[in-house]
Amino acid sequence: MKLLKPDYYLNSVYDFNLEYLYEQGYKAILADLDNTLAPWDSDIVSRELKEWVNRILSMDMKIIIVSNARNNRVQQFVKELNISGIAMAKKPFGGGFKKALKKLGLTKDEVIMVGDQVFTDVLGARLQRIKVALVKPLSEKELMITKFMRYFEKSVRAEQNTPNLPQ
Ligand SMILES: [Mg+2]
C-alpha cells in the first residue's frame, strides 16, 4: 500500500537532518503533536524540543503543529514554542493539512509532515501528496525506559531483601 508508506523512517524528530531538508527546498515541517513532539500523556515542553524548534526557526524554516488533539492541548505547546498550530485536524482527512499550508503560505511541495501514526499522519499526508516521515511513538519509548527501570528497581529491591549472611 503506497498510501501507507512513509518517505522516511526516523527514530525521533531529532533525527531529521535539517540542513538536508533545507537544501532540498523544504520551508516548513508539519508536525504531529502526541507521541511525536511530546508523549501523549505529558504537557511538558522539553528543553530538547524547545531547542530543536528554535534551531528550525533560526534556519529560516517554519514548523506548525497539525494535531487531532483538542485545542487547549495544542495551544499549550503552540504558546510555549512560539509557533502556530492546527488543532482537531481530523487527520487523515485533508482539512488540517490545507489549513496549515494556508497559514504558512506554502505549497505542498515545500513542506514535510512528521508523525508517529500510519493511519493518520502518513495516510493523511500521502493523500495530500505531502512528503512524510514516520517516527517511533514517544510514549512507547518511555514505557520501555519505565520497564527497564522497573526491572532494575526490582533487582535492587531483591538485593535489599536478601538477608545478610552471618559473618
Ligand atoms: Mg501522534
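Student: In what order do the strands of the open sheet line up?
Tutor: Keep in mind that this is a predicted model, in which local features need pLDDT of at least 70, side-chain atom pairs count only at pLDDT 80 or more, and totals for chains, interfaces and linings use all residues. Residues are numbered from 1 along each chain as its sequence is written. Helices (H or I, at least four residues) and strands (E, at least two) are DSSP runs numbered from the N terminus, and two strands pair if DSSP finds at least two bridges between them. With parallel pairing, the six strands of this open sheet take the order 1-6-5-2-3-4.

Student: Which are the edge strands?
Tutor: Look for strands that pair on one side only. That picks out strand 1 (8–10) and strand 4 (84–86).

Student: What is the average twist from one strand to the next?
Tutor: Angles here run from 0 to 180 degrees between N-to-C directions, using axes fitted as lines to C-alpha atoms (for helices, over the stretch in contact). From one strand to the next, the twist averages 25 degrees.

Student: In strand 6, what is the bridge partner of Leu10?
Tutor: Strand 1 runs parallel to strand 6 (residues 131–135), and three bridges join them. Within strand 6, Leu10 has as its bridge partner Val135.

Student: Is Ala133 buried or exposed?
Tutor: Ala133 sits in strand 6, where it touches Pro6, Asp7, Tyr8, Leu10, Ile112 and Val114, leaving out residues up to four places away in sequence. For contacts like these, the C-beta atoms, placed from the backbone, must lie within 7 Å. A residue is buried if 20 or more other C-beta atoms lie within 10 Å of its own, exposed if 12 or fewer, and partly exposed in between, again with C-beta atoms placed from the backbone. Ala133 has 23 other C-beta atoms within 10 Å, so it counts as buried.

Student: At what angle does helix 5 run to strand 6?
Tutor: Helix 5 (residues 118–127) lies across strand 5 (111–115) and strand 6. Its angle to strand 6 is about 165 degrees.

Student: How many of the 10 residues of helix 5 are buried?
Tutor: The list of buried ones is Thr120, Asp121, Val122, Leu123, Gly124, Ala125 and Arg126, and they pack against helix 4 (95–104), strand 5 and strand 6. Helix 5 is largely enclosed by the rest of the structure, because its buried residues number seven.

Student: Which residues are buried on strand 2?
Tutor: In a regular strand the side chains alternate between the two faces of the sheet. Strand 2 (28–31) has both of its faces covered. One side has Ala28 and Leu30, and the other has Ile29 and Ala31.

Student: Which residue in strand 3 stands opposite Ala28?
Tutor: Strand 2 pairs with strand 3 in the parallel sense, over four bridges. Opposite Ala28 in strand 3 is Lys62.

Student: Where do the buried residues of helix 2 lie around its axis?
Tutor: The buried ones are Trp52, Val53 and Ile56. Because they cover an arc of only 95 degrees, they end up together on one side of the axis; the arc is that of the directions from the helix axis to the C-beta atoms. The other side of helix 2 has Arg47, Glu51, Asn54 and Ser58 exposed. So the buried three are on the same side of helix 2.

Student: How far apart are the end C-alpha atoms of helix 2?
Tutor: The expected span of a helix is 1.5 Å times one less than its number of residues. Helix 2 (residues 47–58) has 12 residues, so it should span 16 Å. The model agrees, with its end C-alpha atoms separated by 16 Å.

Student: What do the buried residues of helix 3 pack against?
Tutor: Those residues are Val74, Phe77 and Leu81. Their arc of only 65 degrees puts them on the same side of helix 3, while Asn72 and Lys79 are exposed on the other side. Their packing partners are helix 2, strand 3 and strand 4.

Student: What radius of gyration does the protein chain have?
Tutor: The radius of gyration is taken over C-alpha atoms, and the globule rule is 2.2 Å times the number of residues to the power 0.38. A compact globule of 167 residues would come out near 15 Å, but the protein chain has 19 Å.

Note on methods: Contact = placed C-beta atoms within 7 Å.
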